[in-house]
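Me: I've got a structure open and I'd like to learn how to read its features. Can you walk me through it?

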Amino acid sequence: MRNDDIDVWLGLDVGKQSHHACALDRHGKRIVDKPLGQDEAQIRELLACLGGHGNVLLVVDQPNTIGSLPLAVARDMGVAVGYLPRSAMRKAAQLLPGDAKTDARDAYVVAFTALHMPDTLRDAGSDDETMARLKVLAGFDDDLAFECNRQTDRLRSLPPRIHPAFERALKGDRITRDTTLALLEHYGGPTGMRRSGRTRVGKWIKSAGLRRCDGIIDDLFDAIGQQNVTVAGTQTVEEIVPVPSSHIRQLREQREQLADKIETLLENHPLLTVLTSMPAIAVRTASQILLAISGDITRFNSAAHLAAYAGIAPVTRRSGTSIRGEPRHGEATNASRTPYGTPPSSPRSTIPKATPTTNANATKENATTQPSSASHDDAATSSTACSRTQPSTSPCTSQPEPPAATGRAKHALKTTHNQADTT
């Protein structure tokens, strides 16, 4: 569905308990502006009411978690859906009069941007069950990876407090190996290992079924012999060390189980075999790629199109004689910038976020953003069946008049660079 086929643009500022809905017609006049409960019946009633005005486009500012129910109801009713990223929403809000931060104004900004700057919208995500399950599993795996890194940092900070030489023996990835984690979990640290002795530690390692650990044991006992003094707090530290060591091992086991679930989920996906056949791409990386393209590679016309969408294609940055270069995009996109699931028609459809390069004679640039002005619209709101719920006062500071022609958000936000004289 193209933007010309839409008759009503419904912006939804989603919330945990309730949302705020603002619907605009083709002329930018409010049809509905009211709170909306996080309830299927209320959402269906509103969408059915707005359906009397024509085709409806529902745009949310958060497609996951608290925004999932409105999107699911809209899809079930055959209503087109879109997603306005928070970053684009904040920039669009600067174009409108007023600085208030309210749910009503945010909902109006979402609807206004969807109406006048449709290129800023992204795909709200696929309603495919496989992709939905993959998103949940991949998100949980990201949380586990973050927690594993946090526990690793915590573990690395403990040995230097009591035995620097012991910590140096565990430099690099040694401290996160299974053998090291098992030793730290069982003995706690240098004092516990010194008390047991090299022979007993070696026997315990063999009974535990750990392999390739002779070098680590020798290095650790050599480090233990370099310090005879006991630092204050050593006993407490060695009581704490087993805790993060155990957590790291458990988190790794959980991630391995998740990887098996993801592989089972995607075993019949046609792209999994292709992706995992590439060097350095396993199930986790392949799942992230599939989520980024919504599981459908046919949405892209060419490899160059996909590279531009991923944010790795160079973009020309040139202004006069001081700014020249072709850096790649500063960030990769994980959803389409155009609504209704259609990717950009060309690599130039994406908005680059790269730092421009300057020549040797140029000094530091100071970029200032000049928001475009918007005039007030004092026209009365049309009387419709849905407007009975409209409040008597406007929730926004003022309502701008829609521009004569639509355009991209990046054309609306023009940046000027002031170059200082060189010394």
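Reply: Sure. Start with what pairing means: two strands pair if DSSP finds at least two bridges between them. Keep in mind that this is a predicted model. As a case, Trp9 stands opposite Leu24 in β2.

Me: How many bridges join β1 to β2, and in which sense do they run?

Reply: The general idea is that strands of a sheet pair through backbone hydrogen bonds, either parallel or antiparallel. Here, strand β1 (residues 8-13) and β2 run antiparallel, joined by 5 bridges. On to β2 (residues 18-24) and β3: these are antiparallel too, over 7 bridges. One pair to click on is Ala21 with its bridge partner in β3, Lys34.

Me: What should I look at in the hairpin of β2 and β3?

Reply: Go to Gly28, which takes a positive phi near 85 degrees. The hairpin has 5 residues between the strands.

Me: In what order do the strands of the sheet come?

Reply: Read across it: β3-β2-β1-β4-β5, 5 strands in an open sheet with mixed pairing. The edge strands, β3 and β5 (80-83), each pair on one side only. On average, neighbouring strands are turned by 20 degrees against each other, direction ignored.

Me: Is β3 largely enclosed or not, and why?

Reply: Count buried residues, where buried means under 20% relative accessible area. In β3 (residues 30-37), 6 of the 8 residues are buried, so the strand is largely enclosed by the rest of the structure.

Me: Which helices should I check against the sheet?

Reply: Helix α1 (residues 40-50) lies across β1, β2, β3 and β4 (56-60), and runs at about 170 degrees to β3. Helix α4 (residues 103-116) packs on the sheet as well, touching β1, β2, β3 and β4. The direction of α4 makes about 40 degrees with that of β2.

Me: Away from the sheet, why does Asp141 count as buried?

Reply: Same cut-off: Asp141 has 5% relative accessibility, so it counts as buried. You'll find Asp141 in helix α5 (residues 129-156). Leaving out residues up to four places away in sequence, Asp141 touches Arg255, Leu258 and Arg284.

Me: How do I check the span of helix α12?

Reply: Use 1.5 Å a residue: the 24 residues of α12 (residues 242-265) should span 34 Å, and the end C-alpha atoms are 35 Å apart, which agrees. The buried residues of α12 include Ile248, Leu251, Leu258 and Ile262. Among the elements covering the buried residues of α12 are α5, α8 (178-187), α11 (234-240) and α14 (283-292).

Conventions. Residues are numbered from 1 along each chain as its sequence is written. This is a predicted model: local features need pLDDT of at least 70, side-chain atom pairs count only at pLDDT 80 or more; totals for chains, interfaces and linings use all residues. Side-chain values use heavy atoms; hydrogens and water are left out. Buried means under 20% relative accessible area, exposed over 50%, partly exposed in between (1.4 Å probe, protein chains only). Helices (H or I, at least four residues) and strands (E, at least two) are DSSP runs, numbered from the N terminus. Axes are lines fitted to C-alpha atoms, for helices over the stretch in contact, and angles run from 0 to 180 degrees between N-to-C directions. Contact means heavy atoms within 4.5 Å. The expected span of a helix is 1.5 Å times one less than its number of residues.
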